[in-house]
Amino acid sequence: MLAQTARLESAVTSYARPPTAPLTLLGGGSAMHHLVPRALVSFLRAHPDVV
């Protein structure tokens, strides 16, 4: 079980991005004007350490 956990962790780590990597948001016009700003405000309030 420990060996399987180590393999899984190794596999998942390859998909992780560094915490300082930029994040690109893509969306349609309506989403970018209405949904994304509200979601972004909520996210930044919940995660003030994210810059």
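This is a short tour of the structure, with something to select at each stop.

**The whole protein**

Before you click anything, keep in mind that this is a predicted model. Show the full chain as a cartoon: the protein has two helices and zero strands. Now rotate the C-alpha trace, which spans about 45 × 25 × 20 Å along its principal axes. How does the radius of gyration of the protein compare with that of a compact globule of 51 residues? The protein has 16 Å, while such a globule would be near 10 Å.

Next, switch on the surface. About 5000 Å² of the protein is exposed, and carbon and sulfur atoms supply 66% of that area. If you go looking for buried residues, they make up 0% of the 51 residues.

**Helix α1**

Select residues 2–13 to light up helix α1. Put a distance label between the C-alpha atoms at its two ends, and you should read 16 Å. That agrees with expectation, because 12 residues at 1.5 Å a residue should span 16 Å. Helix α1 is hardly covered, with a count of zero buried residues among its 12.

Stay in this helix and pick Ala3. Is Ala3 buried or partly exposed? Its relative accessibility is 48%, and the range for partly exposed runs from 20% to 50%, so Ala3 counts as partly exposed. Then add Leu25 to your selection: it lies 22 residues from Ala3 along the chain, and their C-alpha atoms are separated by 36 Å.

**Helix α2**

Move on to residues 29–46, which form helix α2, and click on Ala39 there. Ala39 has a relative accessible area of 47%, so this residue is partly exposed too. From Ala39, draw a line to Val51: the two are 12 residues apart in sequence, and their C-alpha atoms are 15 Å apart in space.

**The largest pocket**

Here is a handy idea for the last stop: rolling a probe the size of a water molecule over the atoms shows where empty space is left. The largest pocket holds about 350 Å³ of space. Which residues should you select to find its centre? Try Arg17, Leu23, Phe43, Val50 and Val51, the closest to the centre among the 13 that line this pocket. Colour the lining by class and you will see 11 nonpolar residues, one polar and one charged.

Methods. Residues numbered from 1 in each chain as written. Predicted model: local features only at pLDDT ≥ 70, side-chain atom pairs only at ≥ 80, totals over all residues. Heavy atoms only, no water. 1 Å grid on protein atoms, 1.4 Å probe; cavity = no way out; pocket = protein on both sides within 12 Å on 5 of 7 lines; lining within 4 Å. Points joined across faces, edges and corners; volume = space filled by probe spheres on them. Nonpolar A, V, L, I, M, F, W, Y, C, P; charged D, E, K, R; others polar. Helix = DSSP H or I, 4+ residues; strand = E, 2+ residues; numbered from the N terminus. Rg over C-alpha atoms; globule rule 2.2 N^0.38 Å. Buried < 20%, exposed > 50% of the residue type's maximum accessible area, 1.4 Å probe, protein only. Areas by Shrake-Rupley, 256 points an atom, 1.4 Å probe, with all protein chains shown as cover. Expected span 1.5 Å × (residues − 1).
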